Amino acid sequence: MDIITMEDVTKVYGENETRVWGLDHVNLTVQQGEVLAVVGASGSGKSTLLHILGGVDTPTSGRIVVDGKDITKLDDEQMSVFRRRKIGFVFQAYHLIPVLTVEENITMPILLDHRKPDKEYVEHIMDLLGLQDRRKHLPNQLSGGQQQRAAIARALANRPSLILADEPTGALDSKNGSEVINLLKNSVKQLNQTLVLITHNVDIACEADRIIKIADGKIVE
């Protein structure tokens with residue numbers, strides 16, 4: 001089953017002689033449960049692809065279906081609800097709220113959606129990511145690897161269909177980076193989710209089920 005379908009998707013910035021193609025007629029399908037790595041040079045269109053898949057940015061043209069929903073037809077409010085419930089984001093900068101504990105950071109997006117966290121599920125995620133003994137710690141009391149684990153747990157907590165990760169190991173050393181990727185992959189597989197991962201690290205990309213390379217806004221291999 002395809003969880004992502006992109007049909008002839010373009011993203012153009014600027015006009016006339018200043019026009020830049022962020023994405024140039026991209027066609028892509030991703031299957032449910034797949035781990036897909038996206039590689040390419042800086043400015044190639046990797047982050048644009050991820051932001052458009054996550055509904056953070058809108059395409060200039062084309063059609064995008066995520067988990068059975070054509071997100072190009074959603075208005076801003078509908079997209080916000082869809083994003084909260086169906087998509088989990090993991091970034092290089094952890095974006096944890098400094099005054100909240102690990103547990104509070106994990107459950108906050110669910111509470112913002114006016115829903116009650118599934119305590120058993122949250123406990124399972126914290127077990128899975130080795131955070132039980134850090135649940136009452138503030139972000140500044142954690143190592144970089146632990147902060148990234150907490151960010152991953154937050155992304156998983158609302159049971160999204162799709163996880164989008166933009167250089168999630170960029171701020172970590174190689175040991176912690178490898179550990180975080182393995183935890184992320186295992187979590188996605190156990191929870192039957194799909195992962196699209198941007199990385200500059202060849203070793204990490206090779207951990208994926210499939211790799212695509214982007215150059216000048218196009219999928220080239």
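Here is a short walk through one helix and a handful of salt bridges in this predicted model.

Let's start with helix α1, which covers residues 46-53. This helix is mostly covered, with six of its eight residues buried. Which residues of α1 are buried? They are K46, T48, L49, L50, I52 and L53, so a lysine sits on that list along with the leucines. It's worth keeping helix geometry in mind when you look at that pattern: an α-helix has 3.6 residues a turn, so residues three or four places apart point the same way. Once you come out of α1, look for G55, a glycine with a positive phi, near 70°.

Now for the charged pairs. Side chains of opposite charge can pair when their charged atoms come close. How many salt bridges does the structure hold? The count is 16, and three of them make good stops on this tour.

Take D113 and R84, whose side chains meet in a salt bridge at 2.9 Å, N to O. D113 belongs to the loop between α3 (102-112) and α4 (119-128), while R84 is part of helix α2 (residues 76-86), so this pair ties together parts that are 29 residues apart in sequence. The two partners have their own surroundings: D113 counts as buried because its relative accessibility is 4%, whereas R84, with a relative accessible area of 33%, is partly exposed.

The next stop is R159 with D118, a salt bridge at 2.8 Å, N to O. Here, too, distant parts of the chain are linked, with R159 in the loop between α5 (144-156) and β7 (162-166) and D118 in the loop between α3 and α4, 41 residues apart. Are these partners buried or partly exposed? R159 is partly exposed at 45% relative accessible area, and D118 counts as partly exposed at 36%.

Last of the three, E123 and R135 bring their side chains together in a salt bridge at 2.6 Å, N to O. E123 lies in helix α4 and R135 in the loop between α4 and α5, so the pair ties together parts that are twelve residues apart in sequence. On the accessibility side, E123 comes out as partly exposed at 27%, while R135 is buried, because its relative accessible area of 17% falls under the 20% cut-off.

To finish, go back to D113 and R84. Salt bridges that share partners join R84, R85, D113 and R115 into one network.

Key. Residues are numbered from 1 along each chain as its sequence is written. This is a predicted model: local features need pLDDT of at least 70, side-chain atom pairs count only at pLDDT 80 or more; totals for chains, interfaces and linings use all residues. Side-chain values use heavy atoms; hydrogens and water are left out. Buried means under 20% relative accessible area, exposed over 50%, partly exposed in between (1.4 Å probe, protein chains only). Helices (H or I, at least four residues) and strands (E, at least two) are DSSP runs, numbered from the N terminus. A salt bridge is a side-chain nitrogen of Lys or Arg within 4 Å of a carboxyl oxygen of Asp or Glu.
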